Amino acid sequence: MSVYHDEVEIEDFEYDEEEEMYYYPCPCGDRFQISREELIAGEEVATCPSCSLIVKVIYDPEAFAAEQDETEAVAGKTTDQLEKN
């Protein structure tokens, strides 16, 4: 069993669209991080690359996966429209 430094809601993380990473400040001065891909896969632990602390990410994995499915569907429609033109 892991010992979490804290439990943090996903809404409190900062999202970097370019890197598709979520970040949250760590007491050591660095940032906890977890990728969008990890969240979609059901991961709930954000790690700090500079120290051993971890936080539990509070989010709804089903809603997150549904959001991913919706994003992929929109991207697919856009690609189909571009191919027709």
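Accessible areas come from the Shrake-Rupley method with a 1.4 Å probe. On this basis, the accessible surface of the protein, taken from a predicted model, comes to about 6,100 Å². Carbon and sulfur atoms account for 45% of that surface. The protein has 85 residues, and 25% of them count as buried.

The secondary structure consists of 2 helices and 6 strands. Read from the N terminus, the elements follow the order β-β-β-β-α-β-β-α. When contacts between residues at least 6 apart in sequence are considered, 35% join residues at least 24 apart.

The largest nonpolar core of the protein contains 14 residues. Those with the most contacts inside this core are I10, F13, Y22, I34, L39, A46 and V57. Strands β4 (31-35) and β6 (54-58) each contribute at least two residues to the core. The surroundings of V57 were examined further. Apart from residues up to four places away in sequence, V57 touches V8, I10, F13, I34, L39, E44 and A46. Of the core residues named above, F13 has a relative accessible area of 7% and is buried, and Y22 is likewise buried, at 10%.

Aromatic pairs number 2 in the structure. In one of them, the ring centres of F13 and Y24 lie 5.4 Å apart. The planes of these two rings meet at 40°, so the pair is classed as tilted, because planes under 30 degrees apart would count as stacked and those over 60 as edge-to-face. This pair links distant parts of the chain, its members being 11 residues apart. F13 belongs to the loop between β1 (6-9) and β2 (14-16), whereas Y24 lies in strand β3 (residues 21-25). In contrast to the buried F13, Y24 is partly exposed, with a relative accessibility of 23%.

A further pair is formed by Y15 and Y22, whose ring centres are 4.5 Å apart. The planes of Y15 and Y22 are also at 40°, so this pair is tilted. Y15 counts as partly exposed at 30% relative accessibility, while Y22 is buried. Another aromatic residue, Y23, is met by a charged group: the charged end of R31 sits over the ring of Y23, at 3.8 Å from the ring centre.

The cysteines were considered next. A disulfide is a covalent bond between the sulfur atoms of two cysteines. The structure holds 0 disulfides. For C28, the nearest cysteine sulfur is that of C48, 3.6 Å away. For C48, in turn, the nearest cysteine sulfur is that of C28. Why is C28 in no disulfide with C48 in this model? The two sulfur atoms are 3.6 Å apart, whereas a disulfide is a pair of cysteine sulfur atoms within 2.5 Å, so the pair does not qualify. The two cysteines fall into separate accessibility classes. C28 is partly exposed, with a relative accessible area of 41%, and C48 is buried, with a value of 6%.

A polar residue in strand β4 was also examined. S35 is found in this strand and has a relative accessible area of 14%. Because buried means under 20% relative accessible area, S35 is placed in the buried class. When neighbours within four places in sequence are left aside, S35 is in contact with E20 and M21.

Terms used
Residues are numbered from 1 along each chain as its sequence is written. This is a predicted model: local features need pLDDT of at least 70, side-chain atom pairs count only at pLDDT 80 or more; totals for chains, interfaces and linings use all residues. Side-chain values use heavy atoms; hydrogens and water are left out. Rings of Phe, Tyr and Trp (its six-membered ring) pair if their centres lie within 6.5 Å; planes under 30 degrees apart count as stacked, over 60 as edge-to-face and the rest as tilted. Helices (H or I, at least four residues) and strands (E, at least two) are DSSP runs, numbered from the N terminus. Buried means under 20% relative accessible area, exposed over 50%, partly exposed in between (1.4 Å probe, protein chains only). A charge sits over a ring if NZ of Lys or CZ of Arg is within 6 Å of the ring centre and within 35 degrees of the ring normal. Contact means heavy atoms within 4.5 Å. A nonpolar core is a set of buried Ala, Val, Leu, Ile, Met, Phe, Trp, Tyr and Cys residues joined through side-chain atoms within 4.5 Å.
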